[in-house]
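Trainee: I'd like to learn how to read pockets in a protein model. Could you walk me through it?

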Amino acid sequence: MELIAALADLCKEKSRPVIAIDGPAGAGKTTLAHEIFLALSNKMSVQVIHMDDLYDGWDNALSKDLSTILQYLVSQHEAKAPAKIQRYNWESSSFGESEELPVSDLLILEGVGCGDKELQDRFAALIWMEIDPADGLKRVLDRDGAQMHEQMQKWLGTQAEYFLQHSTREKADFILTT
């Protein structure tokens, strides 16, 4: 895959590379992160962090808190230091116990909001996953169930506002259409 080769080259240009995969819900960010992990993990240690694990529920997901957590994770990665996170439990609507993430050669951030404007210059690569909003909504509902329809309608507006504020698509090194 040409993308993998390009990412491997870009990672060589940074001593502590970070790849961010952002874009609308349902675009395939998690799948791409997994494919990159599989392709590069035989060359280096790779840690994938999903934004779903960091969001503070639906209403506070794309807040300054997320930006602060992302800045901390990238700073710890750059310093070759372990990071501590608390993963969000969507069933209990609360964060779990603190856990330490191992130090890795490559950090992959995946999910809506990981292309934070405060971090864009620190990424080895920012990938934007493009999808028609109706197709993305259908994928999410097929995956997570029809009960998510109302929440996802609200989320589409939330994510669109976030992307405008952070110019995520415009700043992307790669734009992939699904």
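Mentor: Happy to! We start with residue classes: Ala, Val, Leu, Ile, Met, Phe, Trp, Tyr, Cys and Pro count as nonpolar, Asp, Glu, Lys and Arg as charged, and the others, Gly among them, as polar. This is a predicted model, where local features need pLDDT of at least 70, side-chain atom pairs count only at pLDDT 80 or more, and totals for chains, interfaces and linings use all residues. Residues are numbered from 1 along each chain as its sequence is written, and side-chain values use heavy atoms, without hydrogens and water.

Trainee: What is the volume of the largest pocket?

Mentor: A pocket is an open set of points on a 1 Å grid over the protein atoms alone, where a 1.4 Å probe fits, with protein on both sides within 12 Å along at least five of seven lines; lining residues have an atom within 4 Å of a point. Its volume is the space filled by probe spheres set on the points, which are joined across faces, edges and corners. Here the largest pocket has about 460 Å³. Of its 23 lining residues, Ala 25, Gly 26, Asp 52, Val 140 and Arg 143 are the closest to the centre.

Trainee: Which helix gives the most to that lining?

Mentor: Helices are DSSP runs (H or I, at least four residues), as are strands (E, at least two), numbered from the N terminus. H4 (133–144) gives the most to the largest pocket, four residues.

Trainee: How many nonpolar residues line the second largest pocket?

Mentor: Eight, with one polar and three charged. That pocket holds about 220 Å³, and H5 gives the most to its lining, five residues.
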